[in-house]
Amino acid sequence: MATLGQLKRLAESTLGSGNLSVAVRLPEGELFEEWLAVNTVDFFNHLNILYGTLTEFCTARECPVMCAGPRFEYHWQDSSSTKYRRSTRLSAPDYIECLLNWAQRQIDDEQLFPVDAQAPFPPVFVDRVKAMLRRLFRIYAHIYNHHFAQMCALRLEVHLNTSYRHFFLFVHEYKLMDPREMIPLAEINDAILEEHKRLTSSR
């Protein structure tokens, strides 16, 4: 379970960001790779906290398959792992644990996410981050399709909605995901884009 302090920080960092369609824009003078790195780490941290509130509900018994509704099932594969070199069907909690551990290893890899401000990002950086974002999306899709009522019961739906809205506007702004990958949340995505158009046209 996430602590109250973690959730408070999450609320402050997402709900206090105002117009997120503006917040996703690359600040003047900022290196795109650096902006991409900072936001990717933020999305990962937010999802880690949000999903952490659901671990008693998202169990192998309740969610025996990692999916986003009946039409979308996800299998885990990790070429760096001897256990999951082939696409493997897992329960949702096992899949998400593999995914979060895998993403944490990417973030901790200083060759991929340089700590030294003077160190260059590797040529594969953007492609590797796209793969991370594509997989992180699947956690959002699973939560919305299978645990949204529980998020509401925990009074965390505002945090979830704001976190996902930020994520979606960011990947949409920079074309970081194939729209076909985001079909499980198409209705939510359309609503976010409608709001985005309304906000930008009213300026």
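This report describes the fold, two helices and the largest pocket of a predicted model.

**The chain as a whole**

The chain contains 8 helices and 0 strands. Read from the N terminus, its elements run α-α-α-α-α-α-α-α. Of its 203 residues, 45% count as buried. The area that the chain exposes is about 11200 Å², and carbon and sulfur atoms supply 51% of that area. Among contacts between residues at least 6 apart in sequence, 72% join residues at least 24 apart.

**Two helices**

The table sets out helices H4 and H7.

| Helix | Residues | Number of residues | End-to-end C-alpha distance | Expected span |
|---|---|---|---|---|
| H4 | 92-108 | 17 residues | 24 Å | 24 Å |
| H7 | 157-173 | 17 residues | 24 Å | 24 Å |

For H7, the agreement follows from the rise along the helix: at 1.5 Å a residue, its 17 residues should span 24 Å, and its end C-alpha atoms are 24 Å apart. H4 likewise reaches 24 Å from its first C-alpha to its last, close to the value expected at 1.5 Å a residue.

The buried residues of H4 are Ala-92, Pro-93, Tyr-95, Ile-96, Cys-98, Leu-99, Leu-100, Trp-102, Ala-103, Gln-106 and Ile-107. Their cover includes helix H3 (32-52) and helix H5 (125-146). An α-helix has 3.6 residues a turn, so residues three or four places apart point the same way.

H7 is mostly covered, with 12 of its 17 residues buried. Those buried residues include the histidines His-159 and His-166, the phenylalanines Phe-167, Phe-168 and Phe-170, and also Arg-165. Leu-160, Thr-162, Ser-163, Tyr-164, Leu-169 and Val-171 are buried in H7 as well. Just after this helix, Lys-175 takes a positive phi of about 50°.

**The largest pocket**

The largest pocket holds about 210 Å³ of space. Helix H7 (157-173) and helix H8 (186-201) are the elements that give two or more residues to its lining. H8 gives the most, with 4 residues.

The lining is made up of Phe-168, Val-171, His-172, Lys-175, Met-177, Pro-179, Met-182, Ile-183, Ala-186, Asn-189, Asp-190 and Leu-193. By class, it has 8 nonpolar, 2 polar and 2 charged residues. Phe-168 and Val-171 belong to this lining and are also among the buried residues of H7. Lys-175, the residue with the positive phi just after H7, lines the pocket too.

How values were computed: Residues numbered from 1 in each chain as written. Predicted model: local features only at pLDDT ≥ 70, side-chain atom pairs only at ≥ 80, totals over all residues. Heavy atoms only, no water. Expected span 1.5 Å × (residues − 1). Buried < 20%, exposed > 50% of the residue type's maximum accessible area, 1.4 Å probe, protein only. Contact = heavy atoms within 4.5 Å. 1 Å grid on protein atoms, 1.4 Å probe; cavity = no way out; pocket = protein on both sides within 12 Å on 5 of 7 lines; lining within 4 Å. Points joined across faces, edges and corners; volume = space filled by probe spheres on them. Nonpolar A, V, L, I, M, F, W, Y, C, P; charged D, E, K, R; others polar. Areas by Shrake-Rupley, 256 points an atom, 1.4 Å probe, with all protein chains shown as cover.
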